[in-house]
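User: Please take a close look at one helix in this model and walk me through how it sits in its chain. A word on how far to trust the model, and on how the chains meet, would help too.

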Amino acid sequence: MTAPKRTTDGAGPAALRLAGVSRRFGGVTAVSQVTLDVAPGARHGIIGPNGAGKTTLFNVISGELGASEGRIDLFGKDITKLSPRHRVEMGLGRTYQITRTFGTLTVRENLTLAVNGLKKAKFSMLRSWKSYQAQADDVQELAERFDLKDRLNNLASDLSHGELRQLEVALAIALKPSLLLLDEPGAGLSPGERVGMRALLKGLPQDLTLVMIEHDMELVRDVVESIHVLHFGKVVAAGKTASIQSDERVREIYLGSGG
Amino acid sequence: MQNFIQQSLNGITYAGLLFLLGSGFTLIFGLMRIVNLTHGATYLLGGYFGYITMQATHNFALALIAGMASMAVFGVLLERGLLRSLRGRPIPELLLTMGVAFIMGDLALAAFGGNPVSVHMPGILDQSSQLGRITYPNSRFLILGVAVLVALMLYLLLGRTRAGAMIRAGVDNREMVSALGIDINRLFTAVFILGTVLAGLAGVLGASLLTLYPGADSEILTFALVVVIVGGLGSLKGAVVGSLVVGLLDNYGKAYFPDLAYFSLFAPMVLILLWRPQGLFGKAGN
Amino acid sequence: MGSLVRLVSRHGRAAQIGGLVVVVLICLAIPQLGSSFYVSLGLSVLIYGLLAMSLDLLAGYTGLVSLGHASFLGVGAYGVAFGLSHGLDVYPAIGLALGAVAVTAAVFGLVAVRVKEITFVILTLALGQLVWGLAFRWVAVSGGDNGLPVAGRPSLGPIDLTDNGAFYYFVLAIVMACAAILWAIVHSPFGLSLQGIKDNEARMRTLGYNVVLHKYLAFTISAVFGGVAGILFAFFNLYVSPTMIDFNHNGTVVQMAVVGGLGTLWGPVLGAIVIVLMQQFVSIYIGRWVTLLGIIFVVTVLFARTGLWGGLRSAVRRLAVHYGAEPPVGPASVATLETLATEGGQ
C-alpha cells in the first residue's frame, strides 16, 4: 500500500487515510478491509468492475454510511464517527455518480446554496439572498469556470446531462474542499463532453486532493497518478497508473466480469 | 385492584378494535405508501351500514356482513376510481383521501343525524360473564376474539400464502414486486379492500362497544394513527403492540386522569418517537 | 390586450408592485363600504390568509405538509382567552399566548422534524388531534365543549379597537407586517435553504447544512405566525371553542394553501379568500359545506396541481409567449403537489 509521494514538502499527515475499513449490509460485505493513503495534493483513482463496492466506499468516507469497522483519518484527524456535515466542514467534498443537483431550483440557486453551505449567512432570514455580493461573485466565478454562466437562470432540471455533471462538480467545488471525492464524473457523457470534463478536472487547483472513481480508463490515465483496484469490496491491486494498467490480474478482473 | 383489572380488560378489548383498524391502515401504507385518511370514515360508514341492517333484519351476522361488504365496494371505488391516477405520489394521495373523508363524514351526518346510535348484540352476546369477582360483558369478549382471529388470519396470510409472500416482498422492496412480474394492480386493490373490509368490520363492532356519532370518524382515525405511529408504519407486529399500548393507555388515562385523557396517550407517543423516530417496529427507511 | 401583456411581462417587478398596491388599496377600502358584514368577512380572510401563509413556509417551501397547523391558531387563541379570563390584562395575555405557542411549537417540532415527510404528515395530524382533545376534555383550562369567551380587545393609546372598523385596520397592519416578514424569510438565504431541503435533503446535508436544525427553525417560525393569527382570531371572534381546531379545520387550512398554490406565499392567501368566500356564500345555497369542501379538495388534487396561483402564473406566461413577449423571469420554482415528497418511502 504505497501511496505515491507527490508533495515535496514532506511528512505532513495524509489527506485521507483508511485503515482496515469495512462496511457490511446484513450478511453481505460490500467493502472489506480497505486500507489506503492519499497524500495531500495527490490525484488518486479507484477502479473496479460494477458492484465492487466503490460507491459504498465513498459513502463510508463521506459519512453517509457508517463504517462497520476500521478507521478513517482526514488530514490527520479521526473522522470515523463524525456526521457527514462535520466532515464537510473539515474540507471533505464529494460528487455523485447519479447526479444529485436541485432540479426544482435554478442553477444560480443551486450554486448559491453550495456557496452558503459553510457560511453563517445560511441562517440569515431577513435579507434577500441575492443581496450578498461576495456570494454572488463566487457564484458568477463558479459559473464561468464550469461553463454554466448562460444557464444561471435555468432550472437545473432543464440542463443537459453534460451540464448537470458540470454543475455537480461545481456544487462540490463551491465549498472549497481540500479533498474531493469524484464519483464517476464521466458517467454518461458523450465523447465531446468527456473532453470538456477532462479539461475541467485537470484545471482544478493543484493543492486540491482528488480521489476519483471512474470507468473510463482514458479519463483515469489523464487525471490520476495512482490507482487502487477494488474487486468484491477488497483491494486487489494498488500502484502507479501505468503499472496497474499492465497488471495481468486487473485485466482478468475486468475481462472476467465483462465490465 | 378490581378496578384496575376492569380497566385493563377494557383496554385490551379496545386494543382489539384498534388492531382491526390499525392493521389495515398499516398494510395499505406498507405496500402502497398510501396514508388512507378515509379509514376513520370507513369505520363510521361501515358501522352505520351494519346499524341499518340490524334495524331491518335483527340479524347480527348479517349486520357484520353488510358492514364489511359495503366497505369492500367502497374500497374498490376509491382505489380504482380515484387513487389509481395518483399512484406513487404520497402527499396528493393523502390529501385526496382527506377530501373523501370529509365528504363521507358529512354525508353520514346528513343521513344519520347527530344522535349517537348503537348496535345491540343479540342473545348471549348481550349478557355478561363472571370471571372470578369480575363481571364482564360477552360482547367485549367477542370483539377481542374477532381481533385475535383476524390477527391470526393475517399472520397466516402473510406468512403462509403466495399472496402473502408477494405482499411481504412489496412491503420490503416495491421495485422487486414489479420486477417479479406480479400483477401489482390486482395486489394493490386486494390489500386496499382488505383494509376497508377490516375497518367496516371494526365499525359494526364499534357500534356496539362505543356507539356511532358524527366525529367518531376522526376520533377513531386519530387512535389508529397513534397505533401505527407507535408500532411503526408498515409493520403488522407493530400494529399489535401499538394497539395494546394505545388501548391500555387510553383506558388508564380516562379512568385515572379524565381531564388529561388525550395527554396520557400522546405523551408516551412523543417519548417513544424521540427514542425511535420510526416507531417500535418500523424500519428506519420510513 | 397584447400590449398590456407585453408591458406587464417586460416590467415584471413593476407589475408586481402595482398589483400589491391595488391589493392594499382594496384592503384599505373594505371598511369604507359601510357594511359590517364585509368588515367581518375581510377580517376572516386576513386572519386565515396569515394562517395559510404561515403554513406555506413549512408545506410549500420546506416540503413538510402539516395537518396540525390549526393547533397553533388554537393555542394562540386559547392563550388569550385563558389569560383574559384569569385576570390578565390584554397585553400580558397576548404575551402568555405567544409564549404558549412558542413552547408548543418547540416541543412538537422536536419530534416532528425527526421523522420523514409522510410520517410528518401523520404525526402532525395526531398532534393536532391532541390539542383538539385537550381543548375538548381539559374543561378546567379550556372550558371544554362550551369554549371560552374573550373579554376585551387591545387598545392602542386613544384608539378604541372595540369597533370592528378600527380593529380591521389593526389586524390589516399586523397581517401585512407578518406577510412582509414571511416574504423576506422565503427570499433570504435561510428561505433558499428550505427550498433546497424540500428538493433534496440528503444533498443539503453534504453541502454542510444542518438539515434538522433548519427544519426545526422553519417549523417554529411557521407555528409562531400561526399563533399570531390565533391571537387575532381570539380578539376578532371574542370566543374560542374546540371546533375551530378540529380535524376539518386542520384540513381546511391545508386546503387553502393547496387550492391557492403551495410555495408561492400569495397563493395561500388567494386560497383563503376563495374558501372563506365560498363558505359564506355557497353554503347559503348548498347546505352541506363540508361535502363541498371535500369535493373541492378532491378536484384540486386531481386536476389543479399547481393551485390557483400557479395556474395564474402559467396563464400569464402563456399569454406573454402568445403575444411574442419574453416570459417574465420570476422565481422559477412553483411547488406543485408533484414535487412534494414524491419519494415518501425513501
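Analyst: Let's start with pLDDT, which is the predictor's confidence in each residue, from 0 to 100. This is a predicted model, where local features need pLDDT of at least 70 and side-chain atom pairs count only at pLDDT 80 or more, while totals for chains, interfaces and linings use all residues. Residues are numbered from 1 along each chain as its sequence is written, with chains lettered from A and ligands numbered from 1 in the order in which they are written.

Chain A has a mean pLDDT of 86, with 94% of its residues at 70 or more. Its elements here are helices and strands, taken as DSSP runs (H or I, at least four residues; E, at least two) and numbered from the N terminus. Helix α3 (residues 107–116) of chain A has the highest mean pLDDT of these, 95, and helix α9 (residues 248–256) of chain A the lowest, 71. Over residues 1–9 of chain A, pLDDT is below 50. Where pLDDT is low, the predicted coordinates should not be read in detail.

Now for the helix to zoom in on: α4 of chain A, residues 133–145. Its end C-alpha atoms are 18 Å apart, and that agrees with the expected 18 Å because its 13 residues are counted at 1.5 Å a residue (1.5 Å times one less than the number of residues).

Next, its two faces. Call a residue buried if 20 or more other C-beta atoms, placed from the backbone, lie within 10 Å of its own, exposed if 12 or fewer, and partly exposed in between. On that basis, Q135(A), V139(A), L142(A) and A143(A) are the buried residues of α4(A). They sit on the same side of α4(A) because they cover an arc of only 100° around the axis, going by the directions from the helix axis to the C-beta atoms. The background is simple: an α-helix has 3.6 residues a turn, so residues three or four places apart point the same way.

What do those buried residues pack against? Their partners are α3 and α5 (161–174) of chain A. The face turned away from the buried side carries exposed Q133(A), A134(A), D137(A) and E144(A). After α4(A) comes D147(A), with a positive phi near 60°.

As for the chains, no contact (C-beta atoms, placed from the backbone, within 7 Å) joins chain A and chain B, whose closest C-alpha atoms lie 14 Å apart. Between chains B and C, 38 residues of chain B are in contact with 44 of chain C.

Methods: Contact = placed C-beta atoms within 7 Å.
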